[in-house]
Amino acid sequence: MPGRQKADSGTAVLGIAIDRQSPVPLYHQFSRQLEQAIEHGLLLPGALLGNEIDLAERLGLSRPTVRQGIKALVEKGLLVRRRGVGTQVVHSTVKRPLELTSLYDDLEEAGQSPSTRVVRNDVVPASTEVAAALGIGQGDSVVRLERIRYANGLAVAVLRNHLPTDLLLDLDTRRLEATGLYRLLHGAGISLHSAHQAIGAGAATAEEGGQLGEPEGAPLLTLRRTAYNAAGEAVEYGTHLYNAARYVFEFQLLMRR
């Protein structure tokens with residue numbers, strides 16, 4: 001299978017080090033560090049782990065401890081056991097804080113090797129929805145962007161954005177494929193101050209499924225966001241789709257007093 005890798009170069013490559021003085025259970029130390037190796041791209045989808053006996057010997061752990069650590073990642077959907085093949089990496093999950101940040105920057109910071117393919121980059125009349133979000137007239141010209149964002153070579157999101165044409169922003173396709181939209185906005189002196197966003201769920205159309213490497217009808221996370229500058233002016237409206245099998249939002253909740 002193309003791209004299949006075998007994790008047989010020793011635990012040093014994976015960065016796994018077991019601390020027997022730690023109160024953290026050994027299986028959890030092993031499981032968490034293996035999960036981080038997957039998230040950071042040290043183990044790519046398709047990579048084969050050594051068998052449990054080999055892993056246990058290399059780490060100085062018992063076989064039941066290794067089995068328990070692997071079982072935890074199988075339950076998370078990061079590993080799969082295949083008869084006659086062994087334990088194999090399925091994919092990493094993109095974990096993103098619920099903040100006004102760029103997906104590109106978040107992936108880069110997490111070591112997920114972001115890349116982008118621009119599907120559309122043109123100027124179109126604003127629809128009723130886009131006009132209401134950006135505070136402009138229906139039919140006014142807006143820049144329309146549609147991009148597919150990848151993490152470690154796997155499609156995780158379809159990003160659709162509309163921006164006013166008066167931003168004087170260079171949105172060359174090559175620049176959009178090299179970095180994130182918010183980084184380009186910041187570089188042009190356009191500072192984002194706040195945003196209103198809504199998160200929901202949906203099912204992939206045939207086209208969306210093809211873009212994300214999923215079948216038609218696959219579950220998707222949806223996000224609508226309008227971002228504003230310090231003057232309260234809308235500078236970007238995004239309607240994004242995320243592969244629900246590879247992407248989660250994380251945020252902290254506080255009890256209302």
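Which residues have the most contacts inside the largest nonpolar core? Keep in mind that this is a predicted model. The core has 18 residues, and the ones with the most contacts inside it are F30, L34, I38, L43, V66 and L79. Three elements give two or more residues each: α2 (26-39), α3 (52-59) and α4 (63-76). Of these, α2 supplies the largest share, with four residues. As background, nonpolar side chains in soluble globular proteins tend to be buried together.

V66 is a handy place to start looking around. Leaving aside residues up to four places away in sequence, V66 touches F30, E52, L55, A56 and L61. There's also a second, separate core elsewhere in the model, with 15 residues, among them L145, L169, L184 and A227.

Let's stay with α2 for a moment, as there's a polar residue worth a look. Q33 lies in this helix. Is Q33 buried or exposed? Its relative accessibility is 16%, so Q33 counts as buried, given that the cut-off for buried is under 20%. The side chain of Q33 does have a polar partner: it reaches the backbone nitrogen of A17 at 2.8 Å.

Now over to α4. This helix has 14 residues and spans 20 Å from its first C-alpha to its last, close to the 20 Å expected at 1.5 Å a residue. Which of its residues are buried? In α4 those are T65, V66, G69, I70 and L73. They sit on the same side of α4, because they cover an arc of only 130° around the axis. The spacing behind this kind of pattern is familiar: an α-helix has 3.6 residues a turn, so residues three or four places apart point the same way. As for what lies over the buried residues of α4, the cover includes α2, α3, β3 (79-82) and β4 (86-89). Just after the helix, G77 takes a positive phi of about 85°.

On to the charged side chains. How many salt bridges does the structure hold? There are nine, and a good one to zoom in on is the pair formed by E146 and R120, whose closest N and O atoms are 2.4 Å apart. This pair links distant parts of the chain, with E146 in strand β7 (residues 141-151) and R120 in strand β6 (residues 114-125), 26 residues apart. The two partners sit in unlike surroundings. E146 has a relative accessible area of 6%, so it is buried, whereas R120, at 30% relative accessibility, counts as partly exposed.

E146 has another partner too. R160 forms a salt bridge with E146, and here the closest N and O atoms are 3.8 Å apart. This pair also links distant parts of the chain: R160 belongs to strand β8 (residues 154-164) and E146 to strand β7, 14 residues apart. Bring in E208 and you have the full network, in which R120, E146, R160 and E208 are linked by salt bridges.

For one more salt bridge, turn to D170 and R175, whose side chains meet at 3.4 Å, N to O. How accessible are the two partners? D170 has a relative accessible area of 44%, so it is partly exposed, and R175, at 35% relative accessibility, also counts as partly exposed.

Note on methods: Residues numbered from 1 in each chain as written. Predicted model: local features only at pLDDT ≥ 70, side-chain atom pairs only at ≥ 80, totals over all residues. Heavy atoms only, no water. Core = buried A, V, L, I, M, F, W, Y, C linked by side-chain atoms within 4.5 Å. Buried < 20%, exposed > 50% of the residue type's maximum accessible area, 1.4 Å probe, protein only. Contact = heavy atoms within 4.5 Å. Polar contact = N/O pair within 3.5 Å; in protein donor to acceptor, adjacent residues only side chain to side chain. Expected span 1.5 Å × (residues − 1). Arc of directions from axis to C-beta. Salt bridge = Lys/Arg side-chain N within 4 Å of Asp/Glu carboxyl O.
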